[in-house]
Amino acid sequence: MFTGIVQGIAEIVHIRKKNLYNTAILKFSKELLLGLNLGSSVMINGCCLTITDINDSLISFDLIEETLKISNLNELCIEDLVNIERSITLNSEVGGHLLSGHVVTTAKIKEIVITNKKYEVWFEMKNLNLMKYIFYKGFISIDGISLTVSTITKNKFSVFLIPETIKRTTISQKNIGDSVNIEIDFKTQAIVDTVERIMYNYKTNIVGKNLNLST
């Protein structure tokens, strides 16, 4: 589990492309290396990945086909920077919101509004069916960053960025048209899916009763 509070930024130093998966090698800072072990889970741009090799400060992760298909990790190039968060422990402070690191889709940056009072970024989901899980003031993870939804339209949503987020993450380096990884709040998803299922069963039962009455 993770919190969406990015702990550092790492550089991609090598990508090995293989038949069934790719291996990405990142250079970690001393702070990110503390207590790191083979097999540990690390969130990279919002994706929960497993460490497959440790060579001093060079850390390797395997990217399987599903990860490459559903996230923006298939767009990574050497020298690209990514957001890093180590998995939480039982005594960790949950400063953002609980995340699984299971990216469900990507979104494209459609607009960036910067004034002396705000830094607002607008996104359009690749899978518009997932917009039903986006709520005003709801949580969302964007490239592993815990953010709050500020505005919603039919097919877009926006978030505001504070200076600390801009300083500690890669999001300010993104441009219009760039893709970001999206993880929706799993509690919100569970509530929406449960209500939809109840409403569907209710409507189905009502229709069934009406048909029985008509016969």
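# Worked exercises on a barrel-containing chain

The sulfur of C47 lies 8.9 Å from the closest cysteine sulfur, that of C48, too far for a bond. Keep that in mind for the opening exercise, and remember throughout that this is a predicted model.

## Exercise 1: Two cysteines side by side

Task: Find how many disulfides the structure holds, and work out why C47 and C48 do not form one.

Solution.

Step 1. Recall the chemistry: a disulfide is a covalent bond between the sulfur atoms of two cysteines.

Step 2. Apply the cut-off, which asks for a pair of cysteine sulfur atoms within 2.5 Å. For C48, the closest cysteine sulfur is the one in C47, at 8.9 Å, so a bond is ruled out by distance.

Step 3. Look at the whole structure: the search returns 0 disulfides.

Step 4. Compare the surroundings. C47 is buried, at 4% relative accessibility, whereas C48 is partly exposed, with a relative accessible area of 29%.

## Exercise 2: The hairpin around C47

Task: Describe how strand β3 pairs with strands β4 and β6, and find the residue with a positive phi in the β3–β4 hairpin.

Solution.

Step 1. Place the strands. β3 covers residues 41-44 and β4 covers residues 47-55; they run antiparallel and are joined by 4 bridges.

Step 2. Find a facing pair: I44 stands opposite C47 in β4.

Step 3. Look at the turn. The hairpin has 2 residues between the strands, and N45 takes a positive phi near 50°.

Step 4. Turn to the other partner. β3 also pairs with β6 (residues 81-86), in the antiparallel sense, over 3 bridges. Here M43 stands opposite E85 in β6.

## Exercise 3: Tracing the barrel

Task: Name the strands that close into a barrel, in order, and examine the pairing of β7 with β8.

Solution.

Step 1. Start from the chain, which has 4 helices and 12 strands.

Step 2. Pick out the barrel: 6 strands close in the order β7-β8-β11-β10-β9-β12, with antiparallel pairing. From one strand to the next, the twist averages 45°.

Step 3. Recall what holds such strands together: strands of a sheet pair through backbone hydrogen bonds, either parallel or antiparallel.

Step 4. Zoom in on one pair. β7 (residues 105-114) and β8 (residues 119-125) run antiparallel, with 7 bridges between them. I114 has Y119 in β8 as its bridge partner.

## Exercise 4: Rings and charges

Task: Characterise the aromatic pair of F123 and F157, then find the residues with a lysine over the ring face.

Solution.

Step 1. Set out the two quantities you need: a pair of aromatic rings is described by the distance of the centres and the angle of the planes.

Step 2. Count the pairs: there are 2 aromatic pairs in the whole structure. In one of them, F123 and F157 sit 5.4 Å apart centre to centre, with 25° between the planes, and the pair is stacked. It links distant parts of the chain, since F123 belongs to β8 and F157 to β11 (residues 156-160), 34 residues apart.

Step 3. Check burial: F123 and F157 are both buried.

Step 4. Look for charges over rings. K156 lies over the face of W122, 5.7 Å from the ring centre. K187 lies over the face of F186, at 4.9 Å from the ring centre.

## Exercise 5: Around β10

Task: Work out whether L147 is buried or exposed, list its contacts, and compare the settings of K137 and D143.

Solution.

Step 1. Locate L147 in strand β10 (residues 145-152). Its relative accessible area of 6% is under the 20% cut-off, so L147 is buried.

Step 2. Leave aside neighbours within four places in sequence; L147 is then in contact with G138, F139, I140, I142, V159, F160, L161, T165 and I171. A long-range approach also shows up between C-alpha atoms: L147 and G96 are 51 residues apart along the chain but separated by 7.9 Å.

Step 3. Examine K137, in the loop between β8 and β9. K137 has a positive phi of about 70° although it is not a glycine, and at 54% relative accessibility it is exposed.

Step 4. Now take D143, in the loop between β9 and β10. Its phi is also positive, near 50°, but D143 is buried, at 2% relative accessibility.

How values were computed
Residues numbered from 1 in each chain as written. Predicted model: local features only at pLDDT ≥ 70, side-chain atom pairs only at ≥ 80, totals over all residues. Heavy atoms only, no water. Pairing = 2+ DSSP bridges. Axes fitted to C-alpha atoms, helices over the stretch in contact; angles between N-to-C directions. Buried < 20%, exposed > 50% of the residue type's maximum accessible area, 1.4 Å probe, protein only. Contact = heavy atoms within 4.5 Å. Phe/Tyr/Trp six-rings, centres within 6.5 Å; stacked < 30°, edge-to-face > 60°. Lys NZ or Arg CZ within 6 Å of the ring centre and 35° of its normal.
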